[in-house]
Amino acid sequence: MSKIAAYQKCINPACGATFDCMQTLFECPQCGDLLDICYEWDKTEVPAKLSDFAKRWPNRLNRLDFSGVWRFRELLNFCPDEKKISVGEGQTILQQACGLAAELGMNPHNLFLQYEGMNPSGSFKDNGMTAAFSHAAMVKAVSSACASTGNTSAAMALYAKACGLKATVFIGAGKIAYGKLSQAMDYGAYTIQIQGDFDDCMRQVQDVCRKMNIYLVNSLNPFRLEGQKTIMYRILEGLNWQIPDWIIAPGGNLGNSSSFGKAFWELKALGLIDRVPRLAIINAAGANTLTELVNDHKLRWNNSHIDNAKINAYYGKLDAAGYKPHTIASAIEISRPVNLKKCLRALDVCNGIVRSVTDAEILDAKAQIGKFGLGCEPASAATIAGLKYLLADGTIGKDERIACVLTGHVLKDPDATVNYHSKKQGPFANAPVQAPNDLDKIIALMKA
Ligand code: F0G
């Protein structure tokens with residue numbers, strides 16, 4: 001293990017305050033802005049080439065080499081090995097999706113799906129939780145909390161159990177798919193259903209954590225985002241260290257997109273890659289704050305000088321209208337993404353773009369992904385729904401190489417799947433047929 005040389009830093013250039021990693025913070029105590037984890041790379045022995053990381057993979061008896069997150073530990077070097085918590089996260093594989101690509105009119109060899117549903121709690125969140133809880137162990141936290149549309153709470157509950165912390169979940173009443181709620185309850189989390197939506201829960205949990213000194217594991221936690229960088233490393237690994245042309249990810253609270261941008265600019269700065277892929281972030285049309293701010297209001301990173309007045313005016317309008325986001329993709333039903341500013345930076349780094357897709361488009365795309373044998377929950381399918389637009393308007397060429405992040409497992413939200421198929425909500429519906437309890441009639445039906 002190389003020397004640890006990491007610190008926390010406020011992203012606001014007018015502030016730029018720095019803090020030791022032993023401090024538990026989810027906002028800059030001086031100006032309230034977001035925090036980054038920064039590294040003094042020269043003090044860390046980073047492998048000379050990315051393929052060196054993959055050599056650890058077959059070493060299954062070493063829990064850190066086996067972890068799809070900690071295999072890349074020099075690139076998130078904030079925690080001593082003995083404090084690292086792992087339950088085998090990140091055993092996810094980049095799947096080549098030839099059938100789906102052909103159906104979308106693309107070069108069949110160039111579409112890849114990074115299936116994060118294979119994680120222990122069934123979503124990409126485990127990549128972040130292993131990092132956040134390792135930090136929690138470092139600072140000897142005893143109690144953790146999060147606001148969640150479901151997957152964060154499932155992952156938090158699982159990791160809190162793994163390292164003996166208390167876990168409290170804040171969820172919007174009626175706003176969470178049952179697959180996810182069942183996990184939080186089953187893993188013993190204290191679950192508080194608030195009469196409100198995710199944005200309300202997010203506000204409440206921050207105040208609770210400030211007042212009660214509880215360890216917050218939402219993506220405001222900069223250590224959590226360090227773990228999520230590894231999703232990009234594994235995509236590169238799956239492509240034998242070649243850089244795809246595009247990464248496509250759903251946008252909710254914008255933690256993923258923020259960490260993807262950081263992953264690529266760090267790799268570039270380290271000389272481990274020579275170019276960064278472009279990033280497409282796909283919102284649900286019913287929760288499209290990022291799309292509106294970036295595409296309509298032209299909000300930009302602007303070399304870290306973000307126009308806060310634009311953001312405040314936009315949120316002021318949402319408040320005045322009593323606006324509440326609404327989408328079948330409940331995981332991304334968020335109108336005040338806490339990582340907005342870091343996401344603007346990622347868009348800048350990756351020459352990124354933002355699009356929105358309707359619920360019907362999400363459900364159709366989800367069924368198309370599913371019919372080739374690799375299911376996902378609705379939010380994840382926003383990627384393919386978005387890709388269809390980007391192919392149609394020529395933003396993405398048919399021969400470009402694309403990796404879509406399928407963020408959550410198909411079983412997270414079975415209601416959405418069963419309703420789509422059984423109520424024939426779209427052209428890809430595969431409804432069950434009714435049969436009498438009679439062999440001849442069943443066989444006749446099967447021959448029809
Ligand atoms: N996909 C899934 C399956 C998610 O659960 C989430 C976020 C996202 C995409 C959006 O990712 O926030 O990084 O932009 N779910 C959070 C939760 C909000 O509470 O589980 P993001």
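Hi everyone, let me start with a pair of helices: α4 and α8 are oblique to each other, because their angle falls outside the other classes (under 35 degrees is roughly parallel, over 145 roughly antiparallel, 65 to 115 roughly perpendicular, and the rest oblique). Helices here are DSSP runs of H or I with at least four residues, numbered from the N terminus. Before going on, please note that this is a predicted model, where local features need pLDDT of at least 70 and side-chain atom pairs pLDDT 80 or more, while totals for chains, interfaces and linings use all residues. Residues are numbered from 1 along each chain as its sequence is written, and side-chain values use heavy atoms, leaving out hydrogens and water.

Back to our pair. Helix α4 covers residues 125-138 and helix α8 residues 222-238; they pack at about 140°, with axes 6 Å apart. Those axes are lines fitted to C-alpha atoms over the stretch in contact, and angles run from 0 to 180 degrees between N-to-C directions. The crossing of α4 and α8 is right-handed (the near helix is turned clockwise from the far one by less than a right angle). Among the residues that meet (heavy atoms within 4.5 Å) are Met129 and His135 in α4, and Phe223 and Ile231 in α8. That contact has five nonpolar, six polar and three charged residues; Ala, Val, Leu, Ile, Met, Phe, Trp, Tyr, Cys and Pro count as nonpolar, Asp, Glu, Lys and Arg as charged, and the others, Gly among them, as polar.

Now, which helix does α8 pass in a right-handed crossing? That is α9. Helix α9 spans residues 255-269, and its axis comes within 8 Å of the α8 axis, crossing at roughly 65°. Contact residues include Tyr233 and Leu236 of α8, together with Phe260 and Phe264 of α9. By class, nine are nonpolar, five polar and four charged.

Our last pair is α10 (residues 289-296) and α12 (residues 340-349), with axes 12 Å apart and an angle of about 50°. Leu290, Leu293 and Val294 of α10 touch Leu340, Cys343, Leu344 and Leu347 of α12. Those seven residues are nonpolar, with no polar and no charged ones.

Finally, the ligand. There are 21 residues around it (a heavy atom within 4 Å), and Thr149, Asn151, Thr152, Asn253 and Thr407 come nearest. A ligand oxygen lies 2.8 Å from a side-chain N or O atom of Ser148, and a ligand nitrogen is 2.7 Å from a side-chain N or O atom of Thr407.

Terms used. Helices (H or I, at least four residues) and strands (E, at least two) are DSSP runs, numbered from the N terminus. A polar contact is a pair of N or O atoms within 3.5 Å; within protein, one must be able to donate a hydrogen and the other to accept it, and residues adjacent in sequence count only if both atoms are side-chain atoms.
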